[in-house]
Every structure is written in structure tokens, then in C-alpha cells.
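Work through these short exercises with the structure open. Try each task before you read its solution.

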Amino acid sequence: MPLIRVRQHVNPLARKFQTPIDPPIWEQVFSQTNQPLHLDIGSGRGRFLLQMAQRELKWNFLGLEIREPLVTEANRLAGQLDWQNLHYLFCNVNNSLEPILSSLPTGVLQRVTIQFPDPWFKSRHAKRRVVQPQLVSHLANYLVVGGEVFIQSDQHFLATQMCDRLQEHPAFNGVWLSENPLVPTEREIATQNKGEPIYRALFVKR
Ligand SMILES: C[S@@+](CC[C@H](N)C(=O)[O-])C[C@H]1O[C@@H](n2cnc3c(N)ncnc32)[C@H](O)[C@@H]1O
């Protein structure tokens, strides 16, 4: 199937991305709204969650992605599945995460993945990076005790910065991992094929 072409990067601070979304009616999205929820932040084309959703039918999977054409296409593919445990939302995580999490049934958020987020190399663009203290604080507020945050990057400085943001929050305790305990993402496969290193860590909510 041909991949749709979209802009590589969008600036999450652009004016058009500043309005938080209205969360959906979850009963119209998932058939079992009280199942544990896995949230994938920056879900890209969504193939990672597509595989996860087929493996773990007793979980719900929600991808958040700022590039709308990718979300439309990912939801089209998810709609072809029989089980209704997978959905993607077009949003800017940096302003829509809290309204989304606060609208979910209490206690469902059990796993979060943030994989290969855009690095925004220049320090004057650091505010465009997705893992900011406020995002960590929202995750700490809504994850269940024992809930997990798995992060990966091909950029050592970014992986370290994400770990620092999580570790400095009293709710999180993390360890570096050498292997991915889940399934590989598209970016991960591309990085592995180039023989480049990947930095991974797992944080657990206390
Ligand atoms: C490099 S891609 C990685 C995609 C996927 N996680 C993977 O590993 O293959 C990073 C994704 O995060 C999305 N993204 C960046 N900033 C975002 C934001 N503020 N809100 C939602 N998505 C964002 C980008 O559009 C992009 O699709």
C-alpha cells in the first residue's frame, strides 16, 4: 500500500495548533471503555499501535498525533479491524493531553509510550520538544500506581533529557533498557536498519 506523503515536521507552537481538542465520547471510540489504556504520544503513521492492538485485545490503544493526514489514514486502517480497541486523535499533545486524560474513565491509563519524538536540535527550538515538565506532571496525575512510561530515541541528548524530565518528578522512577519490551516502531526499524544506536528507558509511577 503506498504511503501518503506529509510534511516531515510541524511546529507545535504554531498558532494553528494552539486550540486544545474536545475529547471524543469514549463509548463511540472503544467498545470496552474500562479496559486498560495504552497511550502512544506522537504516534506517526500508527503502525506500532496497530500491531499492539491486535496482540492485546483486552487493552485499548490511543495514538495522539499532530499531523492530521496521518491520523485520518491510521483511523481508516483501524476501522477495518473487527475489534474496537484502537483509535487515533489529531491533536497537539502539549495542550490537549490534560483535557483528553481528564475525560477518560478513572484509572484506565496504565501505559504510555513516547518513541522517537522529533528532536528539534537547536536549543532555541527546545520548547517544541514534546516532553516538557507539564506533560510529565499530567502523566503523573493520571497514570495508575505501577503504570509505565516507555521512552526511546536515536538521539542520546534527547533520551537523556526525557529521562531527566521524568526522573525529576517525584512520582517516577526509571531504568535504562537495552531492549524494547514491546514491538518495534517504524522509526525504530529504520534506525536499526542503519545500524545506529537506540536509547531506551522505562519509568514506573510510584
Ligand atoms: C519522528 S516521529 C516518530 C513516530 C513514531 N513514534 C515512531 O517511532 O515511528 C515523531 C512524531 O511525533 C509527532 N509529534 C511531534 N510533536 C507533537 C505534538 N506536540 N503533539 C502530537 N504529536 C506530535 C510528529 O508529527 C511525528 O509523527
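**Exercise 1.** Find the residues that aspartate 118 contacts beyond its neighbours within four places in sequence.

*Solution.* Start at aspartate 118 in this predicted model. Skip the neighbours within four places in sequence; aspartate 118 then contacts His9, Arg129 and Leu158. Next, place the residue. Aspartate 118 sits in the loop between strand E4 (109–115) and helix H4 (133–142).

**Exercise 2.** Decide whether aspartate 118 is buried, partly exposed or exposed.

*Solution.* Take the relative accessibility of aspartate 118, which is 31%. Now apply the cut-offs: buried means under 20%, and exposed means over 50%. The value lies in between, so aspartate 118 is partly exposed.

**Exercise 3.** Do the same for aspartate 40, then describe its surroundings.

*Solution.* Aspartate 40 has a relative accessible area of 4%. The cut-off for buried is under 20%, so aspartate 40 is buried. Locate it next: aspartate 40 belongs to strand E1 (residues 37–41). Leave out residues up to four places away in sequence. Aspartate 40 then touches Phe48, Leu49, Leu62, Gly63, Leu64, Thr113 and Gln115. Look closely at threonine 113. Its side chain makes a polar contact with the side chain of aspartate 40, at 2.7 Å.

**Exercise 4.** Which positions does UniProt list under "binding site", and where do they lie in space?

*Solution.* Begin with the record. An unreviewed UniProt entry gives this feature at Asp40, Glu65, Asn92 and Asp118. These positions are spread over 79 residues of sequence, yet they cluster in space, with a largest C-alpha distance of 14.1 Å. Finally, check the largest pocket. Its lining includes Asp40, Glu65, Asn92 and Asp118.

Definitions and conventions: Residues are numbered from 1 along each chain as its sequence is written. This is a predicted model: local features need pLDDT of at least 70, side-chain atom pairs count only at pLDDT 80 or more; totals for chains, interfaces and linings use all residues. Side-chain values use heavy atoms; hydrogens and water are left out. UniProt positions are given in the numbering used here, feature names are shortened, and annotations may be inferred rather than shown by experiment. On a 1 Å grid over the protein atoms alone, a cavity is a set of points where a 1.4 Å probe fits but cannot get out, and a pocket is an open set with protein on both sides within 12 Å along at least five of seven lines; lining residues have an atom within 4 Å of a point. Helices (H or I, at least four residues) and strands (E, at least two) are DSSP runs, numbered from the N terminus. Buried means under 20% relative accessible area, exposed over 50%, partly exposed in between (1.4 Å probe, protein chains only). Contact means heavy atoms within 4.5 Å. A polar contact is a pair of N or O atoms within 3.5 Å; within protein, one must be able to donate a hydrogen and the other to accept it, and residues adjacent in sequence count only if both atoms are side-chain atoms.
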